[in-house]
Amino acid sequence: MENIRYMISDAANLVNVESHVLRYWEEELELNIPRNEMGHRYYTEENLEEFQKIKEWKEQGYQLKAIRMLVQEERMNRMAGTKHAGTQLATKEAVHKEEVAKNTAVNTVKLEQFQNMMTHIVRNALEENNQALGREVGSQVGDKVLKEMNYLMRVQDEAEEERFRKLDAALRAQRGNRKIKEDKPSKIPKIQRKDKKLKPNLSI
């Protein structure tokens, strides 16, 4: 089976991916893909199995860094013919750390999105409340100002009326006094002058 060679297009069809994906995995995961005398890639059954596992790991959400470690472990197991418990444990721990880091990153992004959403909701609520409060306060202040202005104008009108009433009364009183004076005959005392002759005092 290992003697069967597949061209890259055939291998891509068997793995059900695009040809450039196989080249990308080869470069990023440092895979040892054999080449023919012309320098063209060819793939064996072992390569196809490796690509299939890589695809499964990708679909499970593993990052390339974790997949690279899993691929290296698979190579070591094939070369040794047995699974090494220590390496497997270390690889599982690394994969677990990768999963924890991935989940933490996802949770951080979700938390940031939630915080942004809540900030947006609170800001909109505050703006709407401020606008409603402004309209309410403006309405109340407007009514109060109008009432106060009406009151002040009424007080001013009453004060003006009172002032004109007092002025009119004063004018009437002054005219009445003047008429009384004009009706009375004027009594101007006449000065009677008597000529007195000085008599000499002869008794001396």
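This report describes the main nonpolar core and the salt bridges of a predicted model.

## Nonpolar core

The largest nonpolar core contains 23 residues. Within this core, the residues with the most contacts are Leu 22, Trp 25, Leu 31, Tyr 43, Phe 51, Ile 54 and Ile 67. At least two core residues come from each of helix 1 (8-15), helix 2 (19-28), helix 3 (45-59) and helix 4 (64-80). Helix 4 makes the greatest contribution, with 5 residues. In soluble globular proteins, nonpolar side chains tend to be buried together.

## Surroundings of Leu 31

Leu 31 is one of the core residues with the most contacts. Neighbours within four places in sequence aside, Leu 31 is in contact with Trp 25, Glu 26, Glu 50, Phe 51, Ile 54, Val 71 and Arg 75. Among these partners, Trp 25, Phe 51 and Ile 54 are also listed with the most contacts inside the core. The contacts of Leu 31 also include the charged residues Glu 26, Glu 50 and Arg 75, and these residues appear again in the salt bridges below.

## Salt bridges beside the core

Across the whole structure, 6 salt bridges are found. Side chains of opposite charge can pair when their charged atoms come close.

One of the salt bridges joins Arg 75 to Glu 50, with the closest N and O atoms 3.9 Å apart. Arg 75 belongs to helix 4 and Glu 50 to helix 3, so this pair ties together parts that are 25 residues apart in sequence. Both Arg 75 and Glu 50 are buried, and both are in contact with Leu 31.

Another salt bridge links Arg 35 and Glu 26, again with the closest N and O atoms 3.9 Å apart. Glu 26 has a relative accessible area of 11% and is therefore buried, the cut-off being under 20%. Arg 35, at 43%, is partly exposed.

## A salt bridge within helix 5

Arg 165 forms a salt bridge with Glu 162, and their closest N and O atoms are 2.1 Å apart. Both residues lie in helix 5 (residues 85-183), where they are 3 residues apart, about one turn of the helix. Arg 165 is partly exposed at 49% relative accessibility, and Glu 162 is partly exposed at 31%.

Elsewhere, Glu 26, Arg 35 and Arg 41 are joined into one network by salt bridges that share partners.

Conventions
Residues numbered from 1 in each chain as written. Predicted model: local features only at pLDDT ≥ 70, side-chain atom pairs only at ≥ 80, totals over all residues. Heavy atoms only, no water. Core = buried A, V, L, I, M, F, W, Y, C linked by side-chain atoms within 4.5 Å. Buried < 20%, exposed > 50% of the residue type's maximum accessible area, 1.4 Å probe, protein only. Helix = DSSP H or I, 4+ residues; strand = E, 2+ residues; numbered from the N terminus. Contact = heavy atoms within 4.5 Å. Salt bridge = Lys/Arg side-chain N within 4 Å of Asp/Glu carboxyl O.
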